[in-house]
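Welcome! Let us take a walk through this structure together, one stop at a time.

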Amino acid sequence: NVVLDGIDFQVGPGEILGYVGPNGAGKSTTVRVLLGLLPEYEGEARVAGFDPKQNALEIKRRVGYVAENAILYESLTVAEHLLFVGRMHELDDATIERRATQCLAALELDGRLGARISSLSKGMRQKVLLTAALLHAPPILLLDEPMSGLDVHSQILVKEVVRQLAQSGRAVLFSSHVMDVVERLCTRVAILSGGRIAVQGTFEELAASQSRDTLENVFASVTGARDTQARAASIVEALAT
């Protein structure tokens with residue numbers, strides 16, 4: 001089966017590309033290809049100049065990846081988990097401790113360094129995952145629903161962190177279903193539909209081309225969302241009978 005068909009995009013230093021699409025459109029598959037986790041595919045991909053089929057390890061050294069669902073070592077404490085991740089990136093222990101402590105303090109999680117991962121809430125796990133992704137100061141970030149489970153204050157902080165990381169010269173691929181966040185945060189947007197990029201450009205370019213005033217409406221127009229009111233009414237009607 002063809003999951004991705006003719007995908008073509010670039011993300012340069014200082015850019016945040018919003019990568020959006022319906023469930024099953026191929027967003028996570030794209031990220032897995034870029035990370036070298038799906039080596040069997042036709043076509044070419046390059047991350048920091050490296051081919052994921054041949055140099056997945058070199059790519060992982062240069063990428064910070066936040067998955068939609070945090071995969072963490074449940075039996076470790078927060079400090080132990082971050083120490084392990086940092087050592088995998090060949091950082092010295094002093095650098096790991098300094099960066100981890102500063103990041104966690106900013107995320108209001110410094111009091112949980114000794115807590116086991118298994119005891120953390122979803123939002124707390126997401127903060128640990130984000131810290132782990134940034135620990136080796138990567139020049140490229142692949143973020144898949146990075147604010148999943150975060151409270152409003154933490155979401156505001158993470159958006160500002162992503163913005164400043166891009167301003168410092170990092171390239172960011174930002175995948176999210178939260179259209180208003182993508183609209184305000186990303187420098188460009190690519191909308192995926194049926195395994196293809198239907199449109200891409202700045203929000204202003206997309207809004208003008210589709211004669212829509214919000215990214216949510218552009219998304220609905222491009223991906224063929226229709227009869228929303230009727231379908232919603234049918235659900236409400238089902239509950240009344």
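We can begin on the outside, where Tyr73, Phe84 and Met88 make a nonpolar surface patch of about 340 Å². Keep in mind that this is a predicted model. One member of the patch, methionine 88, is found in helix H3. With a relative accessibility of 60%, methionine 88 counts as exposed, because the cut-off for that word is over 50%.

Now step to the loop that leads into H3. Threonine 77 is found there, between strand S2 (63-66) and helix H3 (78-88). Is threonine 77 buried or exposed? Its relative accessible area is 10%, so threonine 77 is buried, a word kept for values under 20%. Leaving aside residues up to four places away in sequence, threonine 77 touches Leu113, Gly114, Ala115, Arg116 and Ile117.

Our next stop is helix H5, which covers residues 122-134. Its 13 residues, at 1.5 Å a residue, should span 18 Å, and the end C-alpha atoms are 19 Å apart, which agrees. How many of the 13 residues of H5 are buried? Eleven are, so H5 is largely enclosed by the rest of the structure. Among them are Gly123, Arg125, Gln126 and Lys127, as well as Val128, Leu129 and Leu130. If you look for what covers these buried residues, you will find S2 and H3, along with helix H4 (93-106), strand S3 (140-144) and helix H6 (152-167).

Arginine 125 of H5 deserves a second look. Its relative accessible area is 17%, so arginine 125 is buried. Its side chain meets that of glutamate 74 in a salt bridge, with 2.6 Å from N to O. Arginine 125 lies in helix H5 while glutamate 74 lies in the loop between S2 and H3, so the pair ties together parts that are 51 residues apart in sequence. Glutamate 74, at 34% relative accessibility, counts as partly exposed.

How many salt bridges does a search of the whole structure find? The answer is ten. Another of them joins the side chains of arginine 196 and aspartate 5, at 2.8 Å from N to O. Arginine 196 lies in strand S6, and aspartate 5 in the segment before strand S1 (16-20), so this pair ties together parts that are 191 residues apart in sequence. Both partners are partly exposed: arginine 196 has a relative accessible area of 49%, and aspartate 5 has one of 32%.

A further salt bridge stays inside a single helix. The side chains of arginine 61 and glutamate 58 meet at 2.5 Å, N to O, and both residues lie in helix H2 (residues 56-62), three residues apart, about one turn of the helix. An α-helix has 3.6 residues a turn, so residues three or four places apart point the same way. Arginine 61 is partly exposed at 40% relative accessibility, and glutamate 58 is partly exposed at 24%.

Let us finish at helix H8 (residues 203-210), where Phe203, Leu206 and Ala207 are buried. Seen down the axis of H8, these buried residues fall within an arc of 100°, so they line one face of the helix. The face turned away from that buried side carries the exposed residues Glu204 and Ala208. Among the elements covering the buried residues of H8 are helix H7 (179-185), strand S5 (188-193), strand S6 (196-201) and helix H9 (215-223). After H8 comes serine 211, whose phi is positive, near 55°.

Notes:
Residues are numbered from 1 along each chain as its sequence is written. This is a predicted model: local features need pLDDT of at least 70, side-chain atom pairs count only at pLDDT 80 or more; totals for chains, interfaces and linings use all residues. Side-chain values use heavy atoms; hydrogens and water are left out. Helices (H or I, at least four residues) and strands (E, at least two) are DSSP runs, numbered from the N terminus. Buried means under 20% relative accessible area, exposed over 50%, partly exposed in between (1.4 Å probe, protein chains only). Contact means heavy atoms within 4.5 Å. The expected span of a helix is 1.5 Å times one less than its number of residues. The arc is that of the directions from the helix axis to the C-beta atoms. Patches are made of residues with over 30% relative accessible area and no salt bridge: like charges are joined within 9 Å, nonpolar side chains (Val, Leu, Ile, Met, Phe, Trp, Tyr) within 5 Å. Accessible areas come from the Shrake-Rupley method with a 1.4 Å probe; for residues, only the protein chains shown count as cover. A salt bridge is a side-chain nitrogen of Lys or Arg within 4 Å of a carboxyl oxygen of Asp or Glu.
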